[in-house]
Each structure stands twice: as C-alpha cells, then as structure tokens.
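Here's a quick briefing to read alongside the model. Have the viewer open and follow along.

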Amino acid sequence: MVSLEKELEEERTRTAQLATELRHAATNSVSDLKAALELEKDSRMEMEALILKKVADDTTKVGGALAAERKLREDADLGLREEFTAAIKQQERASSKFQAKLLDDMDCTKTALRIESEERAQGEERAAQALGMVIHQMQESLQIVSR
C-alpha cells in the first residue's frame, strides 16, 4: 500500500506540477494575447493618426485648389466685366459721335434751307419789283401814247 500511496502522491505531484505548468502556460498565453492586442491597438492608432493626417493634408490641398480656382474665376469675371464696360463705353462714344454728326448735318441742312428760303424770297421780291417796274413803265408808255 505504501507503493500505492507513493504512486498516488507522485501522481498528485505530477498533476499539481502539470496544473501549475498549464496555469503558467495559460497565464503566458493571456499575457501574450494581451501584449499582441496592445500592439495591434497601438498599430491601429498609428494608422488612424496617419489616415487623419493624410485626410487633413488632402483637405488643405483641396481647399487651396478651390481657393485658387475661385480666384481664377473671379479674375476672369473681373476681366470680362472690364471688357464689357469698355465695349459699352466705346459703343456710347461711337453713338455720341454719330448723334453729333447727325445733329451737325441737320444744322447744316437747316442753315442751307434758311439761306435758300431767304434767297428765294429776295428773288421773288426782285421779280416783284421788276414786274412792278415793267408795269409802271407800261403805264407810262400807255400814258404817253394816249396823249
């Protein structure tokens, strides 16, 4: 029985030792898993930080590109407005010149018509005077003849 007890004791010792080894292995596995999880967590945090930095950089670049495009559009718009304003001013100047020329032509035509009317009136007056003189001379001639 002593041998049985001894075997039983050895079996208990082996079982205790095996349990201790298994606990130790399990503890090491858990520690290893915790360490692996911690490394994974740190790795993901670093990747997220890099992604956030890239997104921020891309956002800045896009914002800069949008600002540059907006500035380009505003400059083009301003240029077109200036060209349009210059074209309108040029058209107004041309219109003013044309209007001034028409008014000048109308003044010249009025003056020419007034002069012609005055000359016609003077011509008619001279014709009337000449006719009056002819009539007067005919009357004098008739008076001389009738005497």
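Lys54 is exposed, because its relative accessibility of 53% is over the 50% cut-off. Its side chain meets that of Asp58 in a salt bridge, 3.4 Å from N to O. Keep in mind that this is a predicted model.

**The Lys54 pair**
- Asp58, the partner, is partly exposed, with a relative accessible area of 32%.
- Lys54 and Asp58 sit four residues apart in helix H1, so about one helical turn separates them.

**Other salt bridges**
- The count of salt bridges comes to ten, and the pairs below are among them.
- Glu40 pairs up with Arg44, with 2.9 Å between the closest N and O atoms.
- Glu40 and Arg44 are both in helix H1 and four residues apart, again about one turn of the helix.
- On the accessibility side, Glu40 counts as partly exposed at 39%, while Arg44 is exposed at 52%.
- Glu11 forms a salt bridge with Arg14, and here the closest N and O atoms are 3.2 Å apart.
- Glu11 and Arg14 are three residues apart in helix H1, which means a separation of about one helical turn.
- Both ends of this bridge count as partly exposed: Glu11 has 37% relative accessibility and Arg14 has 47%.

**A nonpolar patch**
- Met47, Ile51 and Val55 make up a nonpolar patch on the surface.
- Together, Met47, Ile51 and Val55 offer about 290 Å² of accessible area.
- Ile51, one of the patch residues, belongs to helix H1, which covers residues 2–146.

**Overall fold and shape**
- What does the secondary structure amount to? The protein has one helix and zero strands.
- Along the principal axes, the C-alpha atoms fill a box of roughly 210 × 20 × 5 Å.
- The radius of gyration is 62 Å, whereas a compact globule of 147 residues would come in near 15 Å.

**Surface and charge**
- How much of the protein is buried? Buried residues make up 0% of the 147 residues.
- The exposed area is about 13,700 Å², and carbon and sulfur atoms supply 62% of that.
- On charges, the protein carries 23 positive and 30 negative ones.
- The mean positions of those positive and negative charges lie 4 Å apart.

Terms used
Residues numbered from 1 in each chain as written. Predicted model: local features only at pLDDT ≥ 70, side-chain atom pairs only at ≥ 80, totals over all residues. Heavy atoms only, no water. Patch = residues over 30% accessible without salt bridge, like charges linked within 9 Å, V, L, I, M, F, W, Y side chains within 5 Å. Areas by Shrake-Rupley, 256 points an atom, 1.4 Å probe, with all protein chains shown as cover. Salt bridge = Lys/Arg side-chain N within 4 Å of Asp/Glu carboxyl O. Helix = DSSP H or I, 4+ residues; strand = E, 2+ residues; numbered from the N terminus. Rg over C-alpha atoms; globule rule 2.2 N^0.38 Å. Buried < 20%, exposed > 50% of the residue type's maximum accessible area, 1.4 Å probe, protein only. Lys, Arg positive; Asp, Glu negative; His and termini not counted. Charge placed at Lys NZ, Arg CZ, Asp CG, Glu CD.
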